[in-house]
Amino acid sequence: MKLHTLRTTTTDSRDRGREIGTRYADQVRDVSARYLAHFKVLGIPETTVRDIVAHSHDALRDWCPGLAEESDGIAEASGIEPWQVAAVGARTEVLAAAPGKGECTTAVHIPPSGGPPETIQTWDWHDSLTPDGLLLSLVTATRRRVKLFTEFGTAAKIGVNDAGLGLHFNILHHCSDNTTGGVPVHAVARRVLEEATTVAEARDIVASATVSASTVLTVATCRDGRSAAASIEMSPAGFAVVPPDTDGWLIHTNHFLAPGLADGDTGIPESVSAERYDHAYAVRGSMTGRSAPERAAAFCGGGDGAAAVVCVRADDAQPDHERWSTLLTASLDLPGVALEYRAGTPDAAAREGLDRF
């Protein structure tokens, strides 16, 4: 995956969308075409896609008008129809029509003795859908600075703000997921980054969104020398807040942890979510107190990391829609308002180091 960087200072949502669409028109058009083709391969008719996207975009406009304006601005400047960009922004909502697996792993540590959170995440997805990714730095209308990683067309995935809050993002699957087209879960992540300063404020933002697909936002904060974290699991059936363990570690993969929601988990048998969770939990002690590259090495579990379950490598024998790989390894530096990242697997991040944005 090739990463592109944009630092924008415009505070107007529509203008920001036009800036993204103007500068990255080729990438916007390409990813939209790839997702629409992907939906077709999965057997989701275009009429169904358009219906879900229309309802989801309307829900977004009601819940957070600025993000709907940004999406429309991207479409306007890149020369495609608004629904085609919105289809990428609501890709998780569309995929609820043909649920599959998700293979991301997040680990966050809140040092009991004090200090900033220590975090790491892998983002695993179809390499055929995301040849390009966006690192976006923006300023909100209230002058909050936000830095995030996302796909072209989705609102946010992993990020930090200058209030000392950051988040990681993992997809989940629940029996209540549906095709009614709720607020896009990626937009929920973006609004948390733009508006929240505490875990409680992030929880309230999640609670205010009517969603049709499931996701977990693992939120960490660092302010005035105090840190906190929680995984906020959301589904159409409701949401739950999962705190760190007594040792300060919070691990999340792609299955629900909160008892009230776990009963409705519909992760497919082929997923290795439980195996990745157990692996991350087992190596958590060796990640404690480490720099981001050292944490990435420890995340792999020793050796060169090549066989680690958190290092997913594409099987070229598989068709595009069934081929997965770890496209990004990322860590949050909350005091520094920065993302530390490496395109690829944690063992690559350990060998090559992480860039800083």
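This is a tour of one predicted model, stop by stop, with a selection to make at each stop.

Because the model is predicted, local features are reported only at pLDDT of at least 70 and side-chain atom pairs only at pLDDT 80 or more, while totals for chains, interfaces and linings use all residues. Residues are numbered from 1 along each chain as its sequence is written, and side-chain values use heavy atoms, with hydrogens and water left out.

**The eight-stranded sheet**

Start by selecting the strands of the open sheet whose order is β1-β4-β5-β6-β7-β8-β9-β10, with mixed pairing. Helices (H or I, at least four residues) and strands (E, at least two) are DSSP runs numbered from the N terminus, and two strands pair if DSSP finds at least two bridges between them. The edges are β1 (2-7) and β10 (238-242), and each has a single partner strand, so one side of each is left without a neighbour in the sheet. From one strand to the next the twist averages 15°.

Now select 132-150 to see β4 (132-139) and β5 (residues 145-150), which pair in the antiparallel sense over six bridges. The two strands form a hairpin with five residues between them, and R143 in the turn has a positive phi of about 70°. V139 has R145 as its bridge partner in β5. Moving on to strand β6 (residues 158-161), one finds it paired with β5 in the antiparallel sense over four bridges, where the partner of K147 is V160. Five of the six residues of β5 are buried, where buried means under 20% relative accessible area, exposed over 50% and partly exposed in between, computed with a 1.4 Å probe on protein chains only.

Next select 215-235, which takes in strand β8 (residues 215-223) and strand β9 (residues 226-235), running antiparallel and joined by nine bridges. A220 has A229 as its bridge partner in β9.

Two helices are worth adding to the view here, with contact meaning heavy atoms within 4.5 Å. Axes are lines fitted to C-alpha atoms, for helices over the stretch in contact, and angles run from 0 to 180 degrees between N-to-C directions. Helix α1 (residues 13-23) lies across β1 and β4, running at about 140° to β1. Helix α8 (residues 199-208) packs on the sheet and touches β8, β9 and β10, its direction making about 15° with that of β9.

**The six-stranded sheet**

The second open sheet has the order β11-β2-β3-β12-β13-β14, with antiparallel pairing. Its edge strands are β11 (249-252) and β14 (355-356), each pairing on one side only. Select β11 together with strand β2 (residues 105-109), to which four bridges join it in the antiparallel sense; the partner of A107 in β11 is I251. Helix α10 (residues 273-287) lies across β2, β3 and β11, at about 155° to β11.

**Rings and charges**

Rings of Phe, Tyr and Trp (its six-membered ring) pair if their centres lie within 6.5 Å, with planes under 30 degrees apart counted as stacked, over 60 as edge-to-face and the rest as tilted. This rule gives five aromatic pairs. Select W123 and F149, whose ring centres are 5.4 Å apart with the planes at 65°, so the pair is edge-to-face. The pair links strand β3 (residues 118-125) with β5 across 26 residues of the chain, and both W123 and F149 are buried. Then select Y277 and Y281, a stacked pair with 6.3 Å between centres and 10° between planes; the two lie in α10, four residues apart, about one turn of the helix. Y281 counts as partly exposed, at 30% relative accessibility.

A charge sits over a ring if NZ of Lys or CZ of Arg is within 6 Å of the ring centre and within 35 degrees of the ring normal. Select R91 with W125 to see the former over the ring face, 4.3 Å from its centre, and then K157, whose charged end sits over the ring of F169 at 5.3 Å from the centre.

**The cores**

A nonpolar core is a set of buried Ala, Val, Leu, Ile, Met, Phe, Trp, Tyr and Cys residues joined through side-chain atoms within 4.5 Å. In the largest, of 89 residues, V188 and L217 touch the most other members. Select V188 and its contacts beyond four places in sequence, which include W63, I205, L217 and M234. A second, separate core of 19 residues includes W249, A280, A298 and V309.

Finish at V85 in helix α5 (residues 82-89), which counts as buried at 1% relative accessibility. Its contacts beyond four places in sequence include V28, I74 and G153.
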